[in-house]
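Here are my notes for your first read-through. Keep the structure open beside them and find each residue as it comes up.

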Amino acid sequence: MAAGQAWDAEAACLEEDPELFFPVSRTARAAEQLAEARAVCRRCPVQAPCLEFALRTGAEEGVWGGLDPDARRQLRRMRTRSA
């Protein structure tokens with residue numbers, strides 16, 4: 001999903017439709033899509049660097065490292081408070 005990173009060649013998402021990681025609504029189907037994307041992330045050997053990339057670059061859309069945009073915002077707030 002993030003071509004050109006040192007870790008991206010091993011990403012499990014390379015074998016998936018990129019649209020899976022970008023649900024466009026909050027419907028039941030979008031919730032299923034989000035669950036499917038997270039399942040891919042759980043089996044990914046580079047989940048942690050993917051998440052760190054998304055946090056470092058401010059990715060606002062999509063599932064990165066198993067987290068959706070809301071979860072990443074929450075993680076950023078928690079990290080900021082503890083820093």
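1. **Salt bridges, the count.** There are six salt bridges in the structure. Keep in mind that this is a predicted model. Side chains of opposite charge can pair when their charged atoms come close. The next points take several of these pairs in turn.

2. **Glu16 and Arg43.** Start with this pair. The side chains of Glu16 and Arg43 form a salt bridge, with 2.9 Å from N to O. Glu16 sits in the segment before α1, and Arg43 sits in the loop between α1 and α2 (47-57), so the bridge ties together parts that are 27 residues apart in sequence. How exposed are the two partners? Glu16 is partly exposed, at 26% relative accessibility. Arg43 is exposed, with a relative accessible area of 52%.

3. **Arg29 and Glu36.** Here the N to O distance is 3.2 Å, and the two side chains meet in a salt bridge. Arg29 is partly exposed, at 45% relative accessible area. Glu36 is also partly exposed, and its value is 38%. The pair does not stand alone: Arg29, Glu32 and Glu36 are linked in a network of salt bridges. Find these three residues together on your screen.

4. **Asp70 and Arg73.** Another salt bridge joins the side chains of Asp70 and Arg73, at 2.4 Å from N to O. Both residues lie in helix α3 (residues 69-82). They are three residues apart, which is about one turn of the helix. Asp70 is partly exposed, with a relative accessible area of 32%. Arg73 is partly exposed too, at 36% relative accessibility.

5. **The length of α1.** Does the helix have the span its residue count predicts, or what span does it have? At 1.5 Å a residue, the 15 residues of α1 should span 21 Å. The end C-alpha atoms of α1 are 21 Å apart, so the expected span and the model agree.

6. **The buried face of α1.** Which residues of α1 are buried? They are Ala30, Gln33, Leu34, Ala37, Val40 and Cys41. Seen down the axis of α1, the buried residues fall within an arc of 120 degrees, so they line one face of the helix. On the other side of α1, Ala28 and Arg42 are exposed. What covers the buried residues of α1 includes α2. Turn the model until you look down the helix axis, and check this for yourself.

7. **Gln33, a polar residue in that face.** Gln33 belongs to helix α1 (residues 28-42). Is Gln33 buried or exposed? Its relative accessible area is 14%, under the 20% cut-off, so Gln33 counts as buried. What does its side chain reach? One partner is the backbone oxygen of Glu19, at 2.5 Å. Another is the backbone oxygen of Leu20, at 3.2 Å. Leaving aside neighbours within four places in sequence, Gln33 is in contact with Glu19, Leu20, Phe21, Phe22 and Pro23. Pro69 makes a useful landmark here: it is 36 residues from Gln33 along the chain, and the two C-alpha atoms are separated by 14 Å.

8. **Helix α2.** Cys50, Leu51, Phe53, Ala54 and Leu55 are the buried residues of α2. These buried residues pack against α3. After α2 comes Gly58. The phi of Gly58 is positive, near 75 degrees.

9. **The cysteines.** How many disulfides does the structure hold? The count is zero. Take Cys13: it is in no disulfide, and the nearest cysteine sulfur, that of Cys50, is 6.1 Å away. Cys13 is buried, with a relative accessible area of 13%. Now take Cys44. Its closest cysteine sulfur is in Cys13, 6.2 Å away, which is too far for a bond. Cys44 counts as buried, at 14% relative accessibility.

Key: Residues are numbered from 1 along each chain as its sequence is written. This is a predicted model: local features need pLDDT of at least 70, side-chain atom pairs count only at pLDDT 80 or more; totals for chains, interfaces and linings use all residues. Side-chain values use heavy atoms; hydrogens and water are left out. Helices (H or I, at least four residues) and strands (E, at least two) are DSSP runs, numbered from the N terminus. Buried means under 20% relative accessible area, exposed over 50%, partly exposed in between (1.4 Å probe, protein chains only). A polar contact is a pair of N or O atoms within 3.5 Å; within protein, one must be able to donate a hydrogen and the other to accept it, and residues adjacent in sequence count only if both atoms are side-chain atoms. Contact means heavy atoms within 4.5 Å. A salt bridge is a side-chain nitrogen of Lys or Arg within 4 Å of a carboxyl oxygen of Asp or Glu. The expected span of a helix is 1.5 Å times one less than its number of residues. The arc is that of the directions from the helix axis to the C-beta atoms. A disulfide is a pair of cysteine sulfur atoms within 2.5 Å.
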